[in-house]
Amino acid sequence: MSSPDPRGVRGPLVRFFAEVRRSCRDGLVVSGHHNTNRIARLGQPLAFLLGVESGKVLAKFRTPLPSVEVVPRIWRRESEVLRVVGAHVGEVPGCLADFGEWSIHGYLDGRALAEEIPEGPIGSRRLMELAEFFASLAGIPANQLPPLPDDWPEDGDSTGFLAWLAGFTEKEVHQPNRSRFGDLFDAVGIPVDAMDRFMNSMTELARRPFTLLHTDVHRANVVVVSGTHGSALSVIDWELALYGDPLHDLATHLVRMGYDKTEQDLMTGLWARAMREAGHADMTAFMDQDLPVYLSFEYAQSVFPDVMRAALALPHHPEEQDFAEAAARVCRALHRAREPLQLTDKIPGQGEVAVVLREWHAKDSVDRVDAVVGEQTLGRPGSATVMAPSRRVKLREWTRRGERMGRTGPSRAVHRPDTPDHIEPVGCFGDTDLMCAVDRSEVTGVGG
């Protein structure tokens, strides 16, 4: 389609039939940190309106989840990026219709690399395919991309680009979450001036031409698609795309794929070769000295979402094993950030971190109950606080539903396999998650 915006004469009909299919109970629901996707057939009326050959074609009915931002999004409509990417990069599922608050995307019939190879080496053939994918991004004309924010660094200003990323981490991730997680950050030894420490220790980066960046190429976002000439890789989920130094894309990929040292070095070499062969040798300038800086930044900035995610993953009534697992995740993040953040004090052990997490969880549970009570109660100031009957019923239903699904964190229904635990957004703070954490009680103020 020339445009995924369902406007004009057919617009209301497209939306009507799309809503019908979206609300059906058939298909598979898969949720990640950013979206809930219902994978289902389009149905004939909607397929006809969208110009798709058959109503049996599968599509993803994608609804964004309210979430805490821990990675930047400069383009709010993924469809605008997909329209450009689809014209230049292999097989990428496009956006069939964008309604603003939700959208319909094409569905690739394949298996996520996370399913085929959850961890460990992926092999030189796959590495080569991924290197060629990054090189193909470098060939996308900048003038075809959506407009950039007004404060975006000028093309080639790699130092300014990294400074922008560090500023985002401080202003949009660290500071907004201090009210809830500040005591936890302090207790595990994350300095309040973490990003300043990183930037002050950083040397000037070489200038490299900017290009479109995916920024989230990990095993769950790479689909293995079978074809007549064997299988091939396709990269999905472009909502976190940026425009900047290509070394940043390589660094996030190296970190999130979990390569061992051998494959990390091999991927780095293949990436540089693919760039040069595609005519983009200038994008590899001084990469030996600058790639380690971007890798250090990934470890430095990810300490905030890592710690928050470990805390949020604790179930309503955690056991010792839950605290031990969460503490291990926190300690791993701290050790990786030790050098980039110049953590000179001794990093606490898992036992110490488990104690800190236990204290934070107890306080946070009370705070969340108080927040729900404050928003969902009836009565005059000073009077007994009683929850409205309809809300009590919904609270019990949501809690039972959470127990049936075994949910211990912010994800819905079926979680996307092998989502990296070191940098993805923290997740949803919506009512459903809060309610599932509240103890079942007829009277508010009890539980936690």
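In the predicted model, A97 stands opposite I104 of strand β5. This pair belongs to the contact between β4 and β5, two strands that run antiparallel and are joined by 3 bridges. β4 and β5 form a hairpin, with 4 residues between them. Within the turn, G100 adopts a positive phi of about 90°. I104 also has a counterpart in β3, where F61 stands opposite I104. β3 and β5 are antiparallel as well, and 4 bridges join them. The side chains of β5 point in two directions: S103 and H105 point one way, I104 and G106 the other way, and all are buried.

β3, β4 and β5 recur in the surroundings of helix α1. This helix comprises 13 residues, 11-23, for which a rise of 1.5 Å a residue gives an expected span of 18 Å; the end C-alpha atoms are 18 Å apart, which agrees. The buried residues in α1 are G11, V14, A18 and R21. Because G11, V14, A18 and R21 cover an arc of only 100° around the axis, they fall on the same side of α1. An α-helix has 3.6 residues a turn, so residues three or four places apart point the same way. On the other side of α1, P12 and S23 are exposed. The cover over the buried residues of α1 includes β2 (35-41), α2 (44-50), β3 (58-64), β4 (95-98) and β5 (103-106).

A further set of strands, β6, β8 and β9, forms an open sheet in the order β6-β8-β9 with antiparallel pairing. β6 (110-112) and β9 (230-235) are at the edges; each has a single partner strand, so one side of each is left without a neighbour in the sheet. From one strand to the next, the twist averages 30°. The pairing of β6 with β8 (residues 222-227) consists of 3 bridges between strands that run antiparallel, and G110 stands opposite V225 in β8. Helix α5 (residues 124-138) lies across β8 and β9 and runs at about 45° to β9.

Helix α5 is also among the elements that cover the buried residues of α10, together with α9 (246-257) and α11. Helix α10 (residues 261-277) has 17 residues and reaches 24 Å from its first C-alpha to its last, close to the 24 Å expected at 1.5 Å a residue. The buried residues in α10 are E263, Q264, M267, T268, L270, W271, A272, A274 and M275. G279 follows α10 and has a positive phi, near 90°.

Besides its place in the cover of α10, α11 packs against another helix, α6. Two packed helices are described by the angle between their axes and the distance between the axes. For α6 (residues 158-174) and α11 (residues 287-301) the angle is about 5° and the axes are 11 Å apart. With angles under 35 degrees counted as roughly parallel, α6 is therefore roughly parallel to α11. On the α6 side, the residues that meet α11 are S158, F161, L162, L165, A166 and T169. Their counterparts in α11 are V293, Y294, F297 and Q301.

Conventions: Residues numbered from 1 in each chain as written. Predicted model: local features only at pLDDT ≥ 70, side-chain atom pairs only at ≥ 80, totals over all residues. Heavy atoms only, no water. Expected span 1.5 Å × (residues − 1). Buried < 20%, exposed > 50% of the residue type's maximum accessible area, 1.4 Å probe, protein only. Arc of directions from axis to C-beta. Contact = heavy atoms within 4.5 Å. Pairing = 2+ DSSP bridges. Axes fitted to C-alpha atoms, helices over the stretch in contact; angles between N-to-C directions. Parallel < 35°, antiparallel > 145°, perpendicular 65-115°, else oblique.
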